[in-house]
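Open your viewer and get ready to select residues as we go. We will take this one stop at a time.

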Amino acid sequence: MRLVRIALVAIGAFVATASPAQAYVTLFPDCVAKSDTDVHGRFGLYPFNYYEPVDAGFFESVNDSAGNYVDSSYRDVRLGYTNGSGAGEYSFTFKLAANQQPGLYTVTAYGDVGDVEAESTTLRVGGCDSVLFGKTSQGGAFSGMSADAKRASPFTLFAPATASRVYAYVDGKGSAGGSQVVRAVLYRNAGGPGSLVTRSFAVTIPAGASGHWQPFYLAPAVSLSPGKYWLGLQSGATHGVARFAWDSQPKARQFNLDAFADGSSSAFGPAAVDDQLMSIYAMGSY
């Protein structure tokens with residue numbers, strides 16, 4: 001495994017919150033067919049608190065599994081900020097050199113807020129998965145996610161496939177503070193959402209996080225036959241921090257209460273219906 005280290009250093013005056021900051025990093029896309037393809041990233045720390053604009057400096061290094069330096073490049077580093085408490089978030093763009101071989105890379109982002117915070121994710125070069133089903137465009141509206149609830153929209157798979165992860169367009173702008181845990185869920189169709197197929201690992205969405213395509217890795221990947229499935233999100237006990245994007249389409253969403261702590265219900269259960277088609281899709285291989 002080759003190591004891509006992306007370091008983000010903020011220069012200026014910071015006032016940290018009393019509690020330790022936690023870091024998160026996301027990439028889009030997280031798989032590229034060629035190494036010399038732009039990859040966009042977001043790196044944030046929460047809780048985060050400072051009171052004046054801050055210039056962002058940026059440097060990065062790429063190392064292979066033996067620790068040897070290899071070429072990469074970066075550009076367009078920006079820092080989002082708020083006055084008072086909220087999420088401070090960097091956005092950045094980078095790409096590997098054209099001669100880098102296909103494989104899995106680890107991307108680590110660093111930020112300096114009192115103590116150095118870091119978080120890692122993965123970037124795959126070559127062997128990218130395909131979109132299997134779902135809505136791949138960002139919806140024009142957002143809805144907050146209620147505490148201990150799930151919601152799903154129907155989509156059709158046209159050929160046998162193995163689903164490995166889900167992407168949903170979400171943000172953390174439903175509340176000024178805190179965070180909310182979210183997982184992806186997949187249900188079979190039974191005239192509406194029926195029995196549970198699988199769910200993902202949980203992801204924490206911090207308050208103030210900008211809109212982004214959040215990956216949810218299925219636990220485990222699952223083989224699917226052609227047909228209709230209900231793909232959605234289950235949200236944790238904190239109310240209304242995370243929001244999902246949607247567009248209007250008749251009878252495009254069903255939702256109900258489902259306690260997060262004990263997992264996703266084996267049967268979806270009785271549900272309310274509305275017109276919010278969720279911006280969510282499944283990826284995998286045919």
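Two strands count as paired if DSSP finds at least two bridges between them. Keep that in mind for the strands on this tour of a predicted model.

**Stop 1: colour by confidence**

Begin by colouring the chain by pLDDT. Its mean is 79, and 72% of the residues reach 70 or more. Now select residues 1-21, where pLDDT stays under 50. For this stretch the model has 89 contacts beyond four places in sequence. Residues 81-87 are also below 50 in pLDDT, and they have 20 contacts in the model beyond near neighbours in sequence.

**Stop 2: strand β13 and its partners**

Next, select residues 149-157, which form strand β13. Of its 9 residues, 7 are buried, so the strand is mostly covered. Add residues 227-235 to your selection: this is strand β19, which runs antiparallel to β13 and is joined to it by 9 bridges. To see one of the matched positions, click on Ala149, whose bridge partner in β19 is Ser235.

Then show strand β20, residues 243-257, which pairs with β13 in the antiparallel sense over 4 bridges. Here Lys150 has Asn256 in β20 as its bridge partner. While Lys150 is selected, follow its side chain outward: the charged end sits over the ring of Phe268, 4.5 Å from the ring centre.

**Stop 3: Ser153**

Stay in strand β13 and pick Ser153. Is Ser153 buried or exposed? Its relative accessible area is 0%, so Ser153 is buried.

Turn on distances around this residue. The Ser153 side chain comes to 2.7 Å from the backbone oxygen of Ala252. A polar atom of that same side chain of Ser153 lies 3.1 Å from the backbone nitrogen of Met278. If you show everything in contact with Ser153, leaving aside neighbours within four places in sequence, you will find Tyr229, Trp230, Leu231, Ala252, Arg253, Gln276, Leu277 and Met278.

**Stop 4: the aromatic rings**

Now display the side chains of the aromatic residues. How many aromatic pairs does the structure hold? There are 6. For one of them, select Phe142 and Tyr169: the ring centres are 6.2 Å apart and the planes stand at 50 degrees, so this pair is tilted. Phe142 belongs to strand β12 (residues 141-144) and Tyr169 to strand β14 (residues 161-171), so the pair ties together parts 27 residues apart in sequence.

Switch on the surface to compare their surroundings. Phe142 counts as partly exposed, at 25% relative accessibility, whereas Tyr169 is buried, with a relative accessible area of 10%. Widen the selection to Phe142, Tyr167, Tyr169, Trp213 and Tyr281, and you have a cluster linked by ring pairs.

For another ring, centre the view on Phe260. Arg183 lies over its face, at 3.7 Å from the ring centre.

**Stop 5: strand β22**

Finally, select residues 280-285, strand β22. This strand is mostly covered, with 5 of its 6 residues buried. Which strands pair with β22? One of them is β14, in the antiparallel sense over 6 bridges; look for Ala168, which stands opposite Ile280 in β22. Another is strand β11 (residues 130-134), which runs antiparallel to β22 and is joined to it by 4 bridges. In this pairing, Val131 stands opposite Met283.

Technical notes
Residues numbered from 1 in each chain as written. Predicted model: local features only at pLDDT ≥ 70, side-chain atom pairs only at ≥ 80, totals over all residues. Heavy atoms only, no water. pLDDT = per-residue confidence, 0-100. Contact = heavy atoms within 4.5 Å. Buried < 20%, exposed > 50% of the residue type's maximum accessible area, 1.4 Å probe, protein only. Helix = DSSP H or I, 4+ residues; strand = E, 2+ residues; numbered from the N terminus. Polar contact = N/O pair within 3.5 Å; in protein donor to acceptor, adjacent residues only side chain to side chain. Phe/Tyr/Trp six-rings, centres within 6.5 Å; stacked < 30°, edge-to-face > 60°. Lys NZ or Arg CZ within 6 Å of the ring centre and 35° of its normal.
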